[in-house]
Amino acid sequence: MTILTRGVIKSFYILMPLAIIMAFLWAPSAAVLGDFSRIIYFHVPLAWVSVLAFLVSGVLSVAYLMDKKKRYRWLDEKSYNSASIGLAFAILTVITGSLWAKLTWGSFWNWDPRETSVVLILLIYIAYFSLRSGLSGNEQRGVIGSSYLILAMIMLPFFVFLAPRIYDSLHPATIINADKRIYLDGRMRMTLLVSVLAFSSLYAYIFHLMNRMLSVKKATEDLHAGD
Amino acid sequence: MGEEILRNLRKDFLVEFRSRFALNVSIAFAVIATVSLSLTAGGTPFSPLVQSILLWIIIFFSAMNGLSHIFVREEDQATSLFLRITVSVDSVFISKFLYNQIFMMIIIAVVTPLFLFFLQIHVALICYFICTAIAGGMAIASCTTIVAAMVAKAGGRGSLFSILSFPLLLPVLWVSISSTRGALDGSSPAEDASLVFLLAFSGFISAISFLLFRFVWIEE
């Protein structure tokens, strides 16, 4: 493990408590929404990390298909791990988003384009897990699963960037918007940034743990095969 | 390569028309769904939005009944190995892709007039409606070709094909439904980008599928 990787993983121990303290004690509450608005420091980073995890799974799948000599081990399993984390974070995004929607818009679910997009992304990745299960014991499981993950990855921009901007949304203007301005107070912006970094390091931490578990599992399998 | 594609396409049609299984199932589903809908509705007038949703649901599930058959049949009849040895990967993909496009156009040609007839629907912009149906059908066939190849490797489980295809096709259905509603009530503007989106989606997904197919098809 490189020093950089170790640094990113260890930074979780500092960044996460810092993000929680900043979110609840340092950042001011929003003018109209009050303290409800503090959920932004968890909802937005969760959504960001889920997209990041799905992108990583797609990129690893491309690497797996390109790696003809199999120089890198278990890339398909690692992309599966990343997709699993992405799915878990996407579910948490939906839960935190629903709570926020109830507090601000009055109902848990409104079929807003952004809400709809997240559900569709969830459906795509649930379908991927069904495909993996269907290919259990099949030698081509890695190749076919990776191919589907690449298809899923190329659909992501439509759901994440295009659909919420084409159709009218209840969500406020996004950070990447037409005016090229961030509509957030300086301290709120800083807290959000720290929170995004904290959740990204959490993703790196979980991903690293899952990959280590995978290595142990494979080593045990090899040992049993040797016996 | 062109000859190879035509030969393979001809073979697929000959095999299909020998049994007509996929075509019969898809068209039978479309007819039964449309007639049942008309019968149970009992002449109730639906809004253009509901009509569009119903039309695309019927088209989607009719397609799901037949489009995976092109690859599942090769695996069931154990001819895929022979095909892998004798025909190049690109030719297999292009011929199967063309077959699915033609198959989808047949389904659209059967479902759409039946739907309009039984539900007594008046179409305000007939050309736009036809273009939407064709572009939507092309997008469905483009996306499902590679998924069919994957499902065939997973043992050709019928429900798996729908589960894998549905979320990938939702943008297509979403746009097709809103575009069809525009064609039915005449509200679609002349510069509507829906058709462009559907054609661009078809092109994009076909290109990616073409690149991915060799990994799915060739067993190492």
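Mentor: Let's start with a term: a polar contact is a pair of N or O atoms within 3.5 Å; within protein, one must be able to donate a hydrogen and the other to accept it, and residues adjacent in sequence count only if both atoms are side-chain atoms. Keep in mind that this is a predicted model, where local features need pLDDT of at least 70 and side-chain atom pairs count only at pLDDT 80 or more, while totals for chains, interfaces and linings use all residues. Residues are numbered from 1 along each chain as its sequence is written, chains are lettered from A in the order in which they are written, and side-chain values use heavy atoms, without hydrogens and water.

Trainee: How many residue pairs are in polar contact between chain B and chain A?

Mentor: There are 3 such pairs, with both residues at pLDDT 80 or more. Salt bridges between these chains number 0; that term means a side-chain nitrogen of Lys or Arg within 4 Å of a carboxyl oxygen of Asp or Glu.

Trainee: What area do chain B and chain A bury between them?

Mentor: The size of an interface is often given as the accessible area lost when the parts come together. Buried area is that loss, taken with a 1.4 Å probe and summed over both parts. Here it's about 2,400 Å², and 80% of it is on carbon and sulfur atoms. On the chain B side, Leu168(B), Trp174(B) and Phe215(B) lose the most area to chain A, together 28% of what that side buries.

Trainee: Which element gives the largest share of the side of chain B that touches chain A?

Mentor: Helices are DSSP runs (H or I, at least four residues), numbered from the N terminus. H8(B) gives the largest share, with 9 residues.

Trainee: Now salt bridges: which parts of chain A does the pair Glu77(A) and Lys218(A) tie together?

Mentor: The closest approach in this salt bridge is 3.5 Å, N to O. Glu77(A) sits in helix H3 and Lys218(A) in helix H6, so the bridge ties together parts 141 residues apart in sequence.

Trainee: Are those two buried or exposed?

Mentor: Buried means under 20% relative accessible area, exposed over 50%, and partly exposed in between (1.4 Å probe, protein chains only). Glu77(A) is buried at 17%, and Lys218(A) is buried at 16%.

Trainee: What about Glu75(B) and Lys153(B)?

Mentor: Their side chains meet in a salt bridge at 3.8 Å, N to O. Glu75(B) is in helix H4 and Lys153(B) in helix H7 of chain B, 78 residues apart. Glu75(B) counts as partly exposed at 25%, whereas Lys153(B) is buried at 9%.

Key. Buried area is the accessible area (1.4 Å probe) that two parts lose on being put together, summed over both. Helices (H or I, at least four residues) and strands (E, at least two) are DSSP runs, numbered from the N terminus.
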